Amino acid sequence: MKTAAAQFAPAPGDIEANVHLVSRLIRTASGEGARVVVFPELALTGYELRLIAKDPSLWVAEDDPRLGPVRDACRERGTAAVVNCAARTDGERPAITSLVIGPGGELLARYDKRHLHGDELDLFTAGVTDGRFTLDGVRFALATCYDNRFPELAERARTDNCQVYLASSVLDAENDSFETVYPVRARDNGLHVVLSNVVGHNEAGDCRGGSAIWGPDGAVLADAGAAAPGLAIADLSLQPGPRVSAREPGTIQPTSPC
């Protein structure tokens, strides 16, 4: 199954423009055979926390009509997309949410970021359940940025028969996660790890892409490069049904952001 990690520079607070870019990248990735496309954290607004907090019109509903072009692109191309956004909850705050739009345009899953960091703690509601979905008989896990600093998320994905771990993130150029988190999650748990990161400047700092896919041995299978919008695409060796357990995982202390 070909899987893609997309990177681009979201237009701050412009959901319509960002939906257009996401839809275009879905079509581009599907043209190269991708069955699943993963997008960065807060792809529909940019990582602009204060802007999101003061403007509830930037909070997206699961059935939001503004997502119509994304649903159309998924349906037309038979491709699933993991689209991260500020999503409405039952409370007064939004969540940082990955909405998984299926190849038929349907909502396959919703995952609310469990581990908030920094200013996110004052502005968002944390999720309480893990994110999962199944496509073509393959089980996928979802995580968002700082979540990945907590090894137990990937460990639960491993024991829950997931084969692919999909991460939507906003990582600045100085972040060490590219070396010390994502390949380790892959290697310690025998998972394919797919990271989508942004490019451009936002409240997290200067972000330079580096979206990538790691194999179960921790080796890089594809890299979207630095600074420019684009895709990392790899053909993953996946078997439908339960996976073979990996060796016991190591640990990394959750001390750094994202």
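How many residues does helix α1 have, and how far does α1 reach from its first C-alpha to its last? The views below come from a predicted model, in which local features need pLDDT of at least 70, side-chain atom pairs count only at pLDDT 80 or more, and totals for chains, interfaces and linings use all residues. Residues are numbered from 1 along each chain as its sequence is written, and side-chain values use heavy atoms, with hydrogens and water left out.

**View 1. Length of helix α1.** Helix α1 (a DSSP run of H or I, at least four residues, numbered from the N terminus) spans residues 15-31, which is 17 residues. From first C-alpha to last, α1 reaches 24 Å, close to the 24 Å expected at 1.5 Å a residue (1.5 Å times one less than the number of residues). Just after α1, G33 has a positive phi of about 95°.

**View 2. Two faces of α1.** I15, N18, V19, V22, S23, L25, I26, A29 and S30 are the buried residues of α1 (under 20% relative accessible area, 1.4 Å probe, protein chains only). These residues cover an arc of only 165° around the axis, which puts them on the same side of α1 (the arc is that of the directions from the helix axis to the C-beta atoms). On the face turned away from the buried side are the exposed residues E16, H20 and G31 (over 50%).

**View 3. Packing of α1.** The buried residues of α1 pack against β1 (2-7), β2 (34-38), α3 (68-77), β3 (80-87) and β14 (230-235). Contact here means heavy atoms within 4.5 Å, and strands are DSSP runs of E with at least two residues.
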